Every structure is written in structure tokens, then in C-alpha cells.
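Me: I have a chain to go through and would like short answers with the reasoning shown. Please work from the sequence and the model below.

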Amino acid sequence: MYQQSDSWNEHIQILKIIVEMFLPHMNHLTLEQTFFSQVLPKTVKLFDDMVYELSSQARELSSQNLEIQTTLRNILQTMVQVLGALTGCVQHVSATQESVILRNIQSLPSSVLHVIRSTFVHCKNSESVYSGRLHLVSDLLQALFKEAYSLQKQLMELLDVVCMDPGADENDDVLNMVFGE
């Protein structure tokens, strides 16, 4: 688990560099092919792995077991950073133009929705997951929830300016976005 935690940190650092340094210079018409479809599925898998690890290790959490406490807190902090990087992606697309064609960002909404949902479910179940030791991580769970809520608001604002591909069936575009196909 501890090696995996280092790998997660490495992945999020790379993601943050890509989002902050390279994303602003990418052609907004090719973001789906060059970035979103390549990086976002890996980001979703990374996030799901972190949620699973939290749920698996939480029962060992105690104020005496500082190693587990530190590891779980680090995972939660990394999850907050993932949400921050996804927020950067959504903000970038929102700032690039007035309207956005869905097929140019197709992986973004479905990936963001998946991560938001996973976050809200984890936070909702946190009392049972962390049982009597919730106070040891509650500050980071609050930060995680706030970041997910902020990301949700950003996504809703982006979806307000998304338009369907004029040559495609609108229902197919929406279904593909929601189901990630």
C-alpha cells in the first residue's frame, strides 16, 4: 500500500503539471483526442483505487496507529488534489470559448461525474467506513467534500455552454457522455 501511495502522488504531480503547464497551450478542438481520452480514464482509475484503499484500510485507523493515520490522510489529500486538477480542466474548457461542442470534450463530463459521485458516496458512508475514528480524518473529508461540490458547480456551468454536434443525434451525444461510451 505504501509504495502504491507514492505512485499515486507521482501520478497526481504529473497530472497537475500537464493541467497547469500544457493544457493551456493545447488546441481546444483536439483536447478530447490529445488529452481527455488519454488521461482521464487513468485519473478515474487512480481515484477509484484510492477510494477502495481508504475503505479497505479505514478499519485499522486509530490514534495509536500513526502509520495508517498518516497514510489515509495522505490518500485523502491526494484525492483533494485530483479534484483540484479536474477543476482546472473544467475551468480551462469553460474559459476557452463561448460554446463547446460535446464531442470535443466527451470524456471530461463523464469522468468528472464519476469522480464527484465516488466522492459524495465515500463522504456519505464515512461514518460507517471510519466508525468511531472519523474525527482523525474529518478535516480532510470536509475538504474533499467542498472540493467535489466546487467541481460539481464548475461542471454545471460548463454544461450550460455545451452544445451538441450539429451533425449527430443529440440523444446519442448525451447518452454517450453520461454512460462514458
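Me: Is arginine 117 buried or exposed?
Reply: The model is predicted, and in it arginine 117 sits in helix H4. Exposed requires a relative accessible area over 50%. Arginine 117 has a relative accessibility of 58%, so it counts as exposed.

Me: How far apart in space are arginine 117 and glutamine 152, C-alpha to C-alpha?
Reply: Arginine 117 belongs to helix H4. Along the sequence, arginine 117 and glutamine 152 are 35 residues apart. From C-alpha to C-alpha, the distance between them is 9.6 Å.

Me: Which residue has its C-alpha atom 8.0 Å from that of glutamine 91?
Reply: Glutamine 91 is a residue of helix H3. Its relative accessible area is 40%, so glutamine 91 is partly exposed. The partner is 67 residues away along the chain, and it is leucine 158.

Me: Which residues of the largest nonpolar core touch the most other members?
Reply: This core has 51 residues. H1, H2, helix H3 (66–96), helix H4 (107–124), helix H5 (126–130) and helix H6 (138–161) each contribute at least two residues to it. The members that touch the most others are Phe36, Leu76, Met79, Leu108, Tyr130 and Leu158.

Me: Which element supplies the largest share of this core?
Reply: Helices that each give at least two residues to the core include H3, H4 and H6. The largest share amounts to 13 residues. The element that supplies it is H3.

Me: With which residues is leucine 108 in contact, leaving aside its neighbours within four places in sequence?
Reply: Leucine 108 is one of the core residues that touch the most other members. Two more of that group, Phe36 and Leu158, are on its contact list. In full, leucine 108 is in contact with Glu32, Phe36, Leu40, Cys89, Val90, Val93 and Leu158.

Me: How many disulfides does a search of the whole structure find?
Reply: A disulfide is a covalent bond between the sulfur atoms of two cysteines. Cysteine 123 is buried because its relative accessibility is 14%, while cysteine 163, at 27%, counts as partly exposed. For the whole structure, the number of disulfides found is 0.

Me: Is serine 126 buried or exposed, and which residues does it touch?
Reply: Serine 126 is located in helix H5. Its relative accessible area is 9%, so serine 126 is buried. Not counting residues up to four places away in sequence, serine 126 touches Ser131, Leu134 and Leu141.

Me: What is the phi of serine 131?
Reply: Serine 131 lies in the loop between H5 and H6, and at 33% relative accessibility it counts as partly exposed. Most residues other than glycine have a negative phi. Serine 131 is not a glycine, yet its phi is positive, at about 40°.

Me: Where is aspartate 165, and what separates its C-alpha atom from that of leucine 102?
Reply: Aspartate 165 is in the loop between strand E2 (162–163) and helix H7 (170–179). It is buried, because its relative accessible area is 17% and the limit for buried is under 20%. Leucine 102 is 63 residues away along the chain, and the C-alpha separation is 6.6 Å.

Me: Which residues are closest to the centre of the largest pocket?
Reply: The largest pocket holds about 270 Å³ of space. It is lined by 14 residues, and the closest to its centre are His11, Val39, Lys42, Thr43 and Leu46.

Me: How do the residues of the lining of the largest pocket divide into nonpolar, polar and charged?
Reply: Lysine 42 and valine 39 are among the lining residues closest to the centre of the largest pocket. The lining as a whole divides into 7 nonpolar, 4 polar and 3 charged residues.

Me: In what order do the elements of the protein chain run from the N terminus on?
Reply: The protein chain has 7 helices and 2 strands. Of its 181 residues, 43% count as buried. From the N terminus on, the order is α-α-α-β-α-α-α-β-α.

Terms used
Residues numbered from 1 in each chain as written. Predicted model: local features only at pLDDT ≥ 70, side-chain atom pairs only at ≥ 80, totals over all residues. Heavy atoms only, no water. Disulfide = S-S within 2.5 Å. Buried < 20%, exposed > 50% of the residue type's maximum accessible area, 1.4 Å probe, protein only. 1 Å grid on protein atoms, 1.4 Å probe; cavity = no way out; pocket = protein on both sides within 12 Å on 5 of 7 lines; lining within 4 Å. Points joined across faces, edges and corners; volume = space filled by probe spheres on them. Nonpolar A, V, L, I, M, F, W, Y, C, P; charged D, E, K, R; others polar. Core = buried A, V, L, I, M, F, W, Y, C linked by side-chain atoms within 4.5 Å. Helix = DSSP H or I, 4+ residues; strand = E, 2+ residues; numbered from the N terminus. Contact = heavy atoms within 4.5 Å.
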